[in-house]
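Work through these exercises with the sequence and the model side by side. Try each task before reading its solution.

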Amino acid sequence: MTGLLPCTSSDTCQTDTACHRPPRFQAHLDAPQHAQRPRVRRRTEACASHLGAMVQAMTIWAREQELADGDLTILTINPSSGASRPGQPHSDTQTSGLVFSTIHLGH
Ligand SMILES: [Zn+2]
């Protein structure tokens, strides 16, 4: 599946707390509802340097939650227009993401 998805972008990379680069990639994890658990939705963002680490962290987390029927969608996103300013409240910017990969978590 490819296409554009509306999404929000935060100011900085969320994969490494020491990284202050603007995120360029976003991962959406979506697993349908089950008898044993509600629907799971989660998203995180990473700069280009931390794309691999983000995907790995999300797939490990999904495996720990036993989300064998979920999909991990990777988007490229426009960088946040407002530069991160120290002392300012964290704000999400509305943007759109281009889906470039969907990883099915099933076996
Ligand atoms: Zn980063």
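## Exercise 1: F25 and the core

**Task.** List what F25 touches beyond four places in sequence, then place F25 in the largest nonpolar core.

**Solution.**
- Step 1. Keep in mind that this is a predicted model.
- Step 2. Leave out residues up to four places away in sequence; F25 then touches E45, A46, L51, M54, I74, L75, T76 and I77.
- Step 3. Turn to the core. The largest nonpolar core has 15 residues, and F25, A27, L29, M58 and L72 touch the most other members.
- Step 4. Ask which elements feed this core. β2 (25–31), α1 (51–64) and β4 (71–77) each supply at least two of its residues.
- Step 5. Set this against a general trend. In soluble globular proteins, nonpolar side chains tend to be buried together.

## Exercise 2: The chain as a whole

**Task.** Write down the order of helix and strands along the protein chain, and say what share of its residues is buried.

**Solution.**
- Step 1. Count the elements: there are one helix and five strands.
- Step 2. Read along the sequence. The pattern is β-β-β-α-β-β.
- Step 3. Look at burial. The protein chain has 107 residues, and 26% of them count as buried.
- Step 4. Look at contact range. Among contacts with a separation of 6 or more, 70% join residues 24 or more positions apart.

## Exercise 3: The two sides of α1

**Task.** Check the length of α1, then sort its buried and exposed residues by side.

**Solution.**
- Step 1. Take 1.5 Å a residue. The 14 residues of α1 should then span 20 Å, and the end C-alpha atoms are 20 Å apart, so the two agree.
- Step 2. Pick out the buried residues of α1: M54, M58 and A62.
- Step 3. Check their directions. They cover an arc of only 65° around the axis, so they lie on the same side of α1.
- Step 4. Turn to the other side of α1. There G52, Q56, I60, R63 and E64 are exposed.
- Step 5. Find the cover. β2, β3 and β4 are among what covers the buried residues of α1.
- Step 6. Step past the helix. E66 follows α1 and is found in the loop between α1 and β4.
- Step 7. Check the backbone of E66. Its phi is positive, about 60°, although E66 is not a glycine.
- Step 8. Classify E66. It has 13 C-beta neighbours inside 10 Å, so E66 counts as partly exposed.

## Exercise 4: Two loop residues, C47 and R21

**Task.** Decide whether C47 is buried or exposed, do likewise for R21, and trace the contacts of each.

**Solution.**
- Step 1. Locate C47: it is in the loop between β3 (40–46) and α1.
- Step 2. Count around C47. There are 20 other C-beta atoms within 10 Å, so C47 is buried.
- Step 3. Trace the contacts of C47. Beyond four places in sequence, C47 touches C13, C19, R21, P22, P23 and R24.
- Step 4. Take one distance. C47 and T12 are 35 residues apart along the chain, and 7.8 Å separates their C-alpha atoms.
- Step 5. Move to R21, in the loop between β1 (3–9) and β2.
- Step 6. Count around R21. With 16 other C-beta atoms within 10 Å, R21 is partly exposed.
- Step 7. Trace the contacts of R21. Neighbours within four places aside, R21 is in contact with T12, C13, C47 and S49.
- Step 8. Take one more distance. R21 and H50 are 29 residues apart in sequence and 9.9 Å apart, C-alpha to C-alpha.

Conventions: Residues numbered from 1 in each chain as written. Predicted model: local features only at pLDDT ≥ 70, side-chain atom pairs only at ≥ 80, totals over all residues. Core = buried A, V, L, I, M, F, W, Y, C linked by C-beta atoms within 7 Å. Buried ≥ 20, exposed ≤ 12 C-beta atoms within 10 Å, placed from the backbone. Helix = DSSP H or I, 4+ residues; strand = E, 2+ residues; numbered from the N terminus. Contact = placed C-beta atoms within 7 Å. Expected span 1.5 Å × (residues − 1). Arc of directions from axis to C-beta.
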